[in-house]
Amino acid sequence: MTPFVLLPMKTQGIENYGYMMGNMAVLPDITFLCLIVMANGHAFEASTFHVLRLCTGLRRLSLQLVATKSECQAQTVCTSDCICLQQVEWKTEELLLNHLEEVQVNGWGGTEHVVAFVKRLFDWGTKIKEMTVNLWHSISEVKAKELYQTFQSFSRPVVCMKFYRYEKSSMVLYAPKD
């Protein structure tokens, strides 16, 4: 089965355009969705929410977060009047992803936006059985522990969680050091 992949769009000058995803009415019966997110300092949650709203039969979701080092260390850089911050329905509207069982997040740097979105994903995906998080390659041990604890705080006990971190150029299963 070939996953449906939405390739990133050029975001330079995004403030001069309307909400780009608004014209999409429906996606085919998607069971595996791989989203490559290159936010370039903008909030991605509203666009991702819109795509997920069109794919309610989804069983597997892979979020590939592509970010620069500065994006992993900072929050959104867009201004308060940017179109990406004006779309806030993802924070309040309900979404039922009752077929979603497996989620993978690659390149998680732990920005406030990604943490908030993954937390909402747990609300929407009531049947999630497995969640795999691969941290961004330059995450420190202190930040990894913080993200691990944050993730544990909103995960459900029935979810099999796998948390990976780079150590000496290899991806290893992460367990926080006391």
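# Exercises on helix packing and local environment

Helices α1 and α5 are roughly parallel to each other (angles under 35 degrees count as roughly parallel, over 145 as roughly antiparallel, 65 to 115 as roughly perpendicular and the rest as oblique). This is a predicted model, in which local features need pLDDT of at least 70 and side-chain atom pairs count only at pLDDT 80 or more, while totals for chains, interfaces and linings use all residues. Residues are numbered from 1 along each chain as its sequence is written, and side-chain values use heavy atoms, with hydrogens and water left out.

## Exercise 1. The chain as a whole

State how many helices and strands the chain has, their order, and the share of its residues that is buried.

Step 1. The chain holds six helices and seven strands; these are DSSP runs numbered from the N terminus (helices: H or I, at least four residues; strands: E, at least two).

Step 2. Their order along the sequence is β-β-α-β-α-α-α-β-α-β-α-β-β.

Step 3. The chain has 178 residues, and 43% of them count as buried (buried means under 20% relative accessible area, exposed over 50%, partly exposed in between, with a 1.4 Å probe and protein chains only).

Step 4. About 9,800 Å² of the chain is exposed, with 53% supplied by carbon and sulfur atoms; the areas follow the Shrake-Rupley method with a 1.4 Å probe, and for residues only the protein chains shown count as cover.

Step 5. Of the contacts between residues at least 6 apart in sequence, 84% join residues at least 24 apart (contact means heavy atoms within 4.5 Å).

## Exercise 2. The packing of α1 against α5

Describe the geometry of this helix pair and list the residues that make the contact.

Step 1. Two packed helices are described by the angle between their axes and the distance between the axes.

Step 2. Helix α1 spans residues 45-53 and helix α5 residues 112-124; their axes lie 11 Å apart at an angle of about 20°. Axes are lines fitted to C-alpha atoms, for helices over the stretch in contact, and angles run from 0 to 180 degrees between N-to-C directions.

Step 3. The crossing of α1 with α5 is right-handed (the near helix is turned clockwise from the far one by less than a right angle; anticlockwise would be left-handed).

Step 4. On the α1 side the contact involves Glu 45, Thr 48, Phe 49 and Leu 52, and on the α5 side His 113, Phe 117, Leu 121 and Trp 124.

Step 5. By class, five of these residues are nonpolar, two polar and one charged (Ala, Val, Leu, Ile, Met, Phe, Trp, Tyr, Cys and Pro count as nonpolar, Asp, Glu, Lys and Arg as charged, and the others, Gly among them, as polar).

## Exercise 3. Glu 45 within α1

Determine whether Glu 45 is buried or exposed, and which residues it touches.

Step 1. Glu 45 belongs to helix α1, in which seven of the nine residues are buried.

Step 2. The buried residues of α1 are Glu 45, Ala 46, Thr 48, Phe 49, His 50, Val 51 and Leu 52.

Step 3. Glu 45 has a relative accessibility of 2% and therefore counts as buried.

Step 4. Leaving aside residues up to four places away in sequence, Glu 45 touches Trp 90, His 113 and Phe 117.

## Exercise 4. The packing of α5 against α6

Describe how α5 and α6 are arranged and which residues meet.

Step 1. Helix α6 covers residues 141-154, and its axis comes within 10 Å of that of α5, crossing at roughly 25°.

Step 2. That angle makes α5 roughly parallel to α6, and the crossing is right-handed.

Step 3. Val 115, Val 118, Lys 119 and Phe 122 of α5 meet Leu 147, Thr 150, Phe 151 and Phe 154 of α6.

Step 4. The contact of α5 with α6 comprises six nonpolar, one polar and one charged residues.

## Exercise 5. Strand β6 and the loop after it

Place Lys 162 in its surroundings, then examine phi at Lys 168 and Ser 169.

Step 1. Lys 162 lies in strand β6 and, at 27% relative accessibility, counts as partly exposed.

Step 2. Its C-alpha is 6.2 Å from that of Val 133, although the two residues are 29 apart in sequence.

Step 3. Apart from residues up to four places away in sequence, Lys 162 touches Glu 130, Met 131, Thr 132, Val 133 and Leu 173.

Step 4. Most residues other than glycine have a negative phi.

Step 5. Lys 168, in the loop between β6 (160-167) and β7 (170-173), has a positive phi near 55° and is exposed at 83% relative accessibility.

Step 6. Ser 169, in the loop between β6 and β7, has a positive phi near 65° and is exposed at 72% relative accessibility.
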